[in-house]
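The following exercises concern one protein model. Each consists of a task and a solution that goes step by step.

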Amino acid sequence: MKGSLFIISAPSGGGKGTLIREVLKRLDNVVLSVSFTTRPMRQGEEHGKDYFFVSHEEFKRLIEEGEFLEYAEVHGNFYGTSRKIVEDKLNQGYDVILEIDVQGAAAVKKLAPQSISIFILPPSYEVLRKRLLKRGTETAESLKTRLENARREVKCYKDFDYVVINDKLSDATKALLAIFLAERQKLSRQASKVEPIIESFDND
Ligand code: 5GP
């Protein structure tokens with residue numbers, strides 16, 4: 001049975017990284033797809049774990065070779081989802097999370113309409129600004145770009161299947177887990193488990 005594709009988007013600083021880590025800790029059989037990026041590595045990040053950090057030339061070559069399921073320019077850097085990583089993991093039966101921006105989300109939803117898209121919305125602009133400042137990863141200029149982009153990105157919430165408001169982490173984690181669990185109970189996901197049970201009712 002193939003796994004499902006979950007697309008998760010949020011404005012930068014929206015807390016999706018933390019929420020996704022909670023889901024990965026609490027659920028089996030789900031993996032996060034590691035993207036490629038031209039963004040410089042931040043302190044504490046690891047190549048192959050947070051991203052595959054590549055040069056612009058390498059990124060261009062990967063585009064030409066058709067390596068990406070989707071790619072986009074976000075906040076002045078390029079980010080791309082590996083087609084191979086996603087397909088391999090789905091075929092192995094894992095649910096795969098794509099932590100991508102709203103442009104990437106729209107592209108993947110078009111390619112794979114059965115994928116499940118979730119928008120993580122901060123409780124307000126002011127909370128988002130404070131979270132980004134507290135994170136301390138951005139220069140003044142990059143902070144400005146990310147906040148400007150956030151104003152545009154939040155308006156895309158309407159294109160998603162689900163919206164989770166990330167106010168209190170524990171509540172948002174529960175809401176996100178509920179989406180994964182509900183999707184896994186769908187008839188289409190359960191056929192191989194359900195059929196033998198139904199057959200057992202005929203075998204007496
Ligand atoms: P950051 O630089 O903070 O890690 O990520 C910036 C933005 O790029 C986030 O909104 C993140 O979701 C998005 N992003 C990360 N990987 C990808 C990807 O493979 N494709 C697209 N379209 N966006 C991505």
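Accessible areas come from the Shrake-Rupley method with a 1.4 Å probe, and for residues only the protein chains shown count as cover. The model is predicted: local features need pLDDT of at least 70, side-chain atom pairs count only at pLDDT 80 or more, and totals for chains, interfaces and linings use all residues. Residues are numbered from 1 along each chain as its sequence is written, and side-chain values use heavy atoms, with hydrogens and water left out.

**Exercise 1. The protein as a whole**

Task: Describe the surface, the charges and the overall dimensions of the protein.

Solution.

Step 1. The protein exposes about 11800 Å². Carbon and sulfur atoms supply 53% of this area.

Step 2. For charges, Lys and Arg count as positive and Asp and Glu as negative, while His and the chain ends are not counted. The place of a charge is taken as NZ of Lys, CZ of Arg, CG of Asp or CD of Glu. The protein has 32 positive and 31 negative side chains, and the centres of the two sets lie 6 Å apart.

Step 3. Helices (H or I, at least four residues) and strands (E, at least two) are DSSP runs, numbered from the N terminus. The protein contains 8 helices and 9 strands. Its radius of gyration is 18 Å, close to the 17 Å that the globule rule gives for 204 residues, so the protein is as compact as a globular protein of that length. The radius is taken over C-alpha atoms, and the rule is 2.2 Å times the number of residues to the power 0.38.

Step 4. Along the principal axes, the C-alpha atoms fill a box of roughly 70 × 40 × 30 Å.

**Exercise 2. Burial and contacts**

Task: State what percentage of the residues is buried, and what percentage of the contacts between residues at least 6 apart in sequence joins residues at least 24 apart.

Solution.

Step 1. Buried means under 20% relative accessible area, exposed over 50%, and partly exposed in between (1.4 Å probe, protein chains only). Buried residues make up 42% of the 204 residues.

Step 2. A contact means heavy atoms within 4.5 Å. Among contacts between residues at least 6 apart in sequence, 68% join residues at least 24 apart.

**Exercise 3. The open sheet**

Task: Give the strand order of the open sheet of 4 strands and identify its edges.

Solution.

Step 1. Two strands pair if DSSP finds at least two bridges between them. The order is β4-β3-β6-β5, with mixed pairing.

Step 2. β4 (52–53) and β5 (68–74) stand at the edges with a single partner strand each, so one side of each is left without a neighbour in the sheet.

Step 3. β5 pairs with β6 (residues 77–82) in the antiparallel sense over 6 bridges, and E73 stands opposite F78 in β6. These two strands form a hairpin with 2 residues between them, and H75 in the turn has a positive phi of about 50°.

Step 4. β3 (residues 36–37) and β6 are also antiparallel, with 2 bridges; F36 has G80 in β6 as its bridge partner. In β6, 5 of the 6 residues are buried, so this strand is largely enclosed by the rest of the structure.

**Exercise 4. The parallel pairs**

Task: Trace the parallel pairing that involves β7 and β8.

Solution.

Step 1. Strands of a sheet pair through backbone hydrogen bonds, either parallel or antiparallel.

Step 2. β2 (residues 30–32) and β7 (residues 95–99) run parallel. They are joined by 3 bridges, and V30 has D95 as its bridge partner.

Step 3. β7 also pairs in the parallel sense with β1 (residues 5–9) over 4 bridges, where F6 stands opposite I97. Since 4 of the 5 residues of β7 are buried, β7 is largely enclosed by the rest of the structure.

Step 4. β1 runs parallel to β8, with 4 bridges between them; the partner of I8 in β8 is I118. β8 (residues 116–121) has 5 of its 6 residues buried, so β8 is largely enclosed by the rest of the structure.

Step 5. β8 is joined to β9 (residues 162–165) by 4 bridges, again parallel, and I118 stands opposite Y162 in β9.

**Exercise 5. Two helix residues**

Task: Classify L181 and Q190 as buried, partly exposed or exposed.

Solution.

Step 1. L181 belongs to helix α7 (residues 169–184). With a relative accessible area of 39%, L181 is partly exposed. L181 and L27 are 154 residues apart in sequence, and their C-alpha atoms are 9.0 Å apart in space.

Step 2. Q190 lies in helix α8 (residues 187–200). Its relative accessibility is 17%, so Q190 counts as buried. Not counting residues up to four places away in sequence, Q190 touches R184 and Q185.
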